[in-house]
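Visitor: Could you take me through one part of this model up close? I'd like to look at the place where the ligand sits, and at whatever is packed beside that spot.

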Amino acid sequence: MRGKTATAIVLVIVIVAAGALVMWFQRHGFSAREEPAWYEKTLARHARKIATPAGAKELKNPHPLTEESLPAAREHWVAHCSSCHALDGSGNTTIGRNLYPKAPDMRDMETQKLSDGELFYIISNGVRFTGMPAWGEEDSPQSIWELVGYIRRLSHLSAEEKQLLEKLSSGESGEGKPTASPPPKHTHSHASGAPPHKH
Ligand code: HEC
């Protein structure tokens with residue numbers, strides 16, 4: 001008998017919750033155009049922190065950026081990341097601005113205070129329910145560690161480096177530019193002389 005009452009209570013709760021959810025979506029829709037509320041952002045950040053294994057957070061960067069690895073890291077950033085994160089890391093691109101949640105400004109403290117291990121984990125595994133893809137299958141661990149180093153540079157890019165980034169991206173789809181307006185091409189080549197290909 002007690003079991004039946006408990007089942008009935010759970011059923012009522014589920015029906016009420018489903019009804020509330022339907023009403024919420026009727027009012028708010030599935031639109032990605034709104035800015036997530038502060039509590040949504042805080043909850044999402046906490047959930048992400050908890051889900052990152054402790055060992056991963058503490059990893060030290062085994063491939064810090066060097067003069068030799070910098071050009072490849074820069075090119076990698078332009079090719080795989082700047083379409084959403086922008087050349088300067090501001091997130092100010094057509095795609096980055098219109099995602100939900102938006103691509104964050106990675107020059108800010110919120111990103112910079114993440115440990116190297118956390119950045120590596122996020123880039124390798126992506127962030128579920130957001131536009132952030134997992135790159136672990138696509139990119140080598142070394143190239144991801146070098147991107148971690150590149151993210152640390154974003155807050156103090158020199159004018160020359162910004163020009164270099166613009167130059168690197170101008171041969172490509174144009175999506176990486178903060179004011180991406182030209183229609184995207186389907187193939188592009190990297191400055192390294194790799195043959196034109198899709199991403
Ligand atoms: C298709 C769009 C897209 C691409 C391409 C993309 N990102 Fe992201 N990225 C996002 C979004 C959206 C978020 C925010 C996720 C969130 O709110 O948890 C994000 C978050 C991040 C974060 C966490 C920053 C923070 O403060 O929370 C890092 C680090 C990151 N991206 C690195 C990269 C790197 C490196 C690349 C290229 C290899 C890349 N991303 C490519 C969309 C993208």
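**Around the ligand**

Guide: Let's start with helix α4, since α4 gives the most to the shell around the ligand, with 5 residues. Keep in mind as we go that this is a predicted model. Helix α4 has company here: α2 (38-51), α4, α7 (116-125) and α8 each supply at least two residues of that shell. If you sort the shell by class, you get 17 nonpolar, 6 polar and 2 charged residues. Of the 25 residues around the ligand, the ones that come nearest are C81, C84, H85, T111 and M132.

Now zoom in on some polar atoms. T111, one of those nearest residues, has a polar side-chain atom 2.5 Å from an oxygen atom of the ligand. Two arginines do something like it: a polar side-chain atom of R45 lies 2.8 Å from a ligand oxygen, and for R48 the distance to an oxygen atom of the ligand is 2.9 Å.

Next, back to helix α4 and its partner α8. Two packed helices are described by the angle between their axes and the distance between the axes. The axes of α4 (residues 70-85) and α8 (residues 141-153) come within 9 Å and cross at roughly 90°. Angles from 65 to 115 degrees count as roughly perpendicular, so that is how α4 and α8 lie to each other. On the α4 side, the contact is made by L70, A73, R74, H76, W77 and C81. On the α8 side, look for S143, E146, L147, Y150, I151 and R153. By class, this contact has 7 nonpolar, 2 polar and 3 charged residues. Notice C81: it belongs to the helix contact and is also among the residues nearest the ligand.

Within that contact, pick out two rings. The structure holds 3 aromatic pairs, and one of them is formed by W77 and Y150, a tilted pair with 6.2 Å centre to centre and 40° between the planes. W77 is in helix α4 and Y150 in helix α8, 73 residues apart, so this pair links distant parts of the chain.

Last, follow the chain on from α4. Most residues other than glycine have a negative phi, and most peptide bonds are trans. A86, in the loop between α4 and α5, has a positive phi, near 75°. Then, in the loop between α5 (94-98) and α6 (109-112), you come to P101. The peptide bond from Y100 to P101 is cis, with omega near -5°.

Conventions: Residues numbered from 1 in each chain as written. Predicted model: local features only at pLDDT ≥ 70, side-chain atom pairs only at ≥ 80, totals over all residues. Heavy atoms only, no water. Axes fitted to C-alpha atoms, helices over the stretch in contact; angles between N-to-C directions. Helix = DSSP H or I, 4+ residues; strand = E, 2+ residues; numbered from the N terminus. Parallel < 35°, antiparallel > 145°, perpendicular 65-115°, else oblique. Contact = heavy atoms within 4.5 Å. Nonpolar A, V, L, I, M, F, W, Y, C, P; charged D, E, K, R; others polar. Near = heavy atom within 4 Å. Polar contact = N/O pair within 3.5 Å; in protein donor to acceptor, adjacent residues only side chain to side chain. Phe/Tyr/Trp six-rings, centres within 6.5 Å; stacked < 30°, edge-to-face > 60°.
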